[in-house]
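Biologist: I am new to this structure and would be grateful for a close look at a single part of it. Please begin with a short account of the cysteines, and then go on to the part you have chosen.

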Amino acid sequence: RSAKDIFIYTGDSDDDLEEYIEFQTYHIRNLFRHYNNGDGVNSEKKKVRNMCISLDEMFGSDRSCVYSVIHSRSFNSRPLERKSGMQQLGRICAKSGCDPIAALDMQPEYVKSILRPLGMLEHPIVIISDGQDLSVAERLLNDPEIAPMLRLVPNRAKWIGGDITLAIMSTTFIGNPASTFSGFIAKSRLALGLDNTFMFRARNENGEWDNTCEEQCVFSKSIMRSNA
């Protein structure tokens, strides 16, 4: 058998979904048993960074803090990347039933449809992004309900590992299903037993936002294809 077969990376069938989820979540849990704490160097002899630096910067040592994280992924760096990202998002939405642009635009009403029922508009809302499109942050900063709670990670504490930990440990996470970064965060939250992860949503017949797919859908090969 090939390595892809052994690690269950091949195919687009969900016949082995439970086994695949069990396999993936087992290794994700093992990964987080050995996270970087800022000590030592990497394979390039460069000092490693602390995975908790962003969390510490935002909330200190309080690990019981209640907050939300929004991941804004714009696909705006290069035309080909944007085309590929939008095509991927379109395929995922067609399979999962989610809105094709809501998780990309992160309009205030979309965000509030998630946070308000959970009482999370009363707690800090942290936005992490690829830094390519500031319009999402600007829209949220202009919303009178979201703006007072919105937080940005300072540049001194910002790096990919810190963003990952900050998002995984959040009380509520809102991500983009076409982003592998959001996908890894969603998988990790599921592996660690954390809920309130929102990736797949659309308006129902009454015009209200609902989830269109369970949190486990992030592992579905038929929906996520290579992102699963």
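**From the cysteines to helix 6**

Modeller: Cys-213 has a relative accessibility of 16%, so this residue counts as buried. The model in which this value was computed is a predicted one. Cys-217, at 12% relative accessibility, likewise counts as buried. Cys-213 and Cys-217 form a disulfide in which the sulfur atoms are 1.8 Å apart, and the structure holds one such bond. The torsion about the S-S bond of Cys-213 and Cys-217 is about -80°, and the disulfide is therefore left-handed. Cys-52, by contrast, takes part in no disulfide; the nearest cysteine sulfur belongs to Cys-65 and is 11 Å away. That distance is too far for a bond. Cys-52 is buried, with a relative accessible area of 14%, and Cys-65, at 15% relative accessibility, also counts as buried.

The part I have chosen is helix 6, which spans residues 108–115. Seven of its eight residues are buried, so helix 6 is largely enclosed by the rest of the structure. The buried residues are Pro-108, Tyr-110, Val-111, Lys-112, Ser-113, Ile-114 and Leu-115.

Lys-112 deserves particular attention. Its relative accessibility is 4%, and as this lies under the 20% limit, Lys-112 counts as buried. Lys-112 forms a salt bridge with Glu-145, the closest N and O atoms being 3.0 Å apart. Glu-145 lies in the loop between helix 7 (135–141) and strand 3 (150–152), whereas Lys-112 is in helix 6, so the pair ties together parts that are 33 residues apart in sequence. Unlike the buried Lys-112, Glu-145 counts as partly exposed, at 35% relative accessibility.

Glu-145 also forms a salt bridge with Arg-116, where the closest N and O atoms are 2.9 Å apart. This pair, too, links distant parts of the chain: Arg-116 is in the loop between helix 6 and strand 2 (125–129), 29 residues from Glu-145. Arg-116 counts as partly exposed, with a relative accessibility of 43%.

These contacts belong to a network of salt bridges that links Glu-109, Lys-112, Arg-116, Asp-143 and Glu-145. In the whole structure, the count of salt bridges comes to nine. In summary, helix 6 is largely enclosed by the rest of the structure, and its buried Lys-112 is joined to Glu-145 by a salt bridge.

Notes: Residues are numbered from 1 along each chain as its sequence is written. This is a predicted model: local features need pLDDT of at least 70, side-chain atom pairs count only at pLDDT 80 or more; totals for chains, interfaces and linings use all residues. Side-chain values use heavy atoms; hydrogens and water are left out. Buried means under 20% relative accessible area, exposed over 50%, partly exposed in between (1.4 Å probe, protein chains only). Helices (H or I, at least four residues) and strands (E, at least two) are DSSP runs, numbered from the N terminus. A disulfide is a pair of cysteine sulfur atoms within 2.5 Å. A salt bridge is a side-chain nitrogen of Lys or Arg within 4 Å of a carboxyl oxygen of Asp or Glu.
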